[in-house]
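Thank you all for coming. I would like to take a few minutes to walk through one model with you, and please interrupt whenever something is unclear.

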Amino acid sequence: MLKLFLPNEHVKSIFHITPQMLKERGVKGIITDLDNTLVEWDRPSATPQLIEWFKEMKDHGIQVTIVSNNIEKRVKLFSDPLGIPFIFQARKPMGKAFHKALRLMDVQNDEIVVIGDQLLTDVLGGNRLGLYTILVVPVAQTDGFITRFNRKMERRILTWMKRKGMINWEE
C-alpha cells in the first residue's frame, strides 16, 4: 500500500527534467502540477526560466498539461498566456483528471510522466494509474492550509520509507 506513495524519481526542481531525458523514456506528454511544482503557490505567472522550459518541451514534441487542484481562475490566469492546456479542481489523487489529460494529449500510459511536489496528490494519483511519477522539491517553503496538513503526513511516510531503505535521496 505505501508503495503507491513512492515516486519513480525524485529531482530538486522541474529544471532537472530535460526533453532528452524524457525522450529516452519514450515520453510524449507531461502531466504537471502547478502550485509549488512549477512556481510558488502565490506567484501568478511563469518565470522566464519556466517559459523557456515549456518552449524546450514543445520544441522536442513533448506536450504539457497542467493538472491542478486549485480553482479555475488561478490555473487559467497562469496557463492561458502560455497556451498550455489545463485541468482545474482536479481532485487529485482521484483518477478522473489524469484520464482526461491522457485523452487531451492522445498518449498512452507508458508515454506520460506525472510531475508534482506532493506524495498525497500527484505521486499517489499517478501511481494509482500506473504512470511514471517524478517528485520535485517544493518551490516555496510556505503552503496553504490543506497542503500544510498533507506535508505533515508526507514527512511521516518519507521517514518510514527511509527507515525501510525504500528511498535514498535527501530532501
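I will go through the salt bridges, then one helix, then some backbone details, and finally the surface.

First, a word on what we are looking at: this is a predicted model, in which local features need pLDDT of at least 70 and side-chain atom pairs count only at pLDDT 80 or more, while totals for chains, interfaces and linings use all residues. Residues are numbered from 1 along each chain as its sequence is written, and side-chain values use heavy atoms, with hydrogens and water left out.

Let me begin with the charged pairs. The structure holds 7 salt bridges, a salt bridge being a side-chain nitrogen of Lys or Arg within 4 Å of a carboxyl oxygen of Asp or Glu. One of them joins lysine 28 to glutamate 111, with the closest N and O atoms 3.1 Å apart. This pair links distant parts of the chain, since lysine 28 sits in the loop between helix 1 (19–24) and strand 2 (29–32) and glutamate 111 in the loop between helix 4 and strand 5 (112–116), 83 residues apart. Helices (H or I, at least four residues) and strands (E, at least two) are DSSP runs here, numbered from the N terminus.

How accessible are the two partners? Lysine 28 is partly exposed, at 43% relative accessible area, whereas glutamate 111 is buried, at 17%; buried means under 20%, exposed over 50%, and partly exposed in between, with a 1.4 Å probe and protein chains only.

A second pair is arginine 74 with aspartate 35, whose side chains meet at 2.5 Å, N to O. Arginine 74 lies in helix 3 and aspartate 35 in the loop between strand 2 and helix 2 (48–59), so this bridge ties together parts that are 39 residues apart in sequence. Both of these residues are buried. Glutamate 40 and arginine 43 form another salt bridge, with 2.7 Å between the closest N and O atoms, and here glutamate 40 is partly exposed at 22%, as is arginine 43 at 34%. Asp33, Lys92 and Asp122 are joined into one network by salt bridges that share partners.

Arginine 74 brings us to helix 3 (residues 72–79), where Arg74, Val75, Phe78 and Ser79 are buried. They lie on the same side of the helix because they cover an arc of only 110° around the axis, the arc being that of the directions from the helix axis to the C-beta atoms. On the face turned away from that buried side we find the exposed residues Lys73 and Leu77.

Now to the backbone. Lysine 92, which we met in the network, is joined to proline 93 by a cis peptide bond, with omega about 20°, and proline 93 lies in the loop between strand 4 and helix 4. Glutamine 89 is in the loop between strand 4 and helix 4 and has a positive phi of about 40° although it is not a glycine. Asparagine 36 also has a positive phi, near 70°; this residue lies in the loop between strand 2 and helix 2 and is buried, at 2% relative accessible area.

Let me finish at the surface, with two exposed residues. Arginine 91, in the loop between strand 4 (86–87) and helix 4 (96–105), is exposed at 61%. Aspartate 106, in the loop between helix 4 and strand 5, is exposed at 66%.
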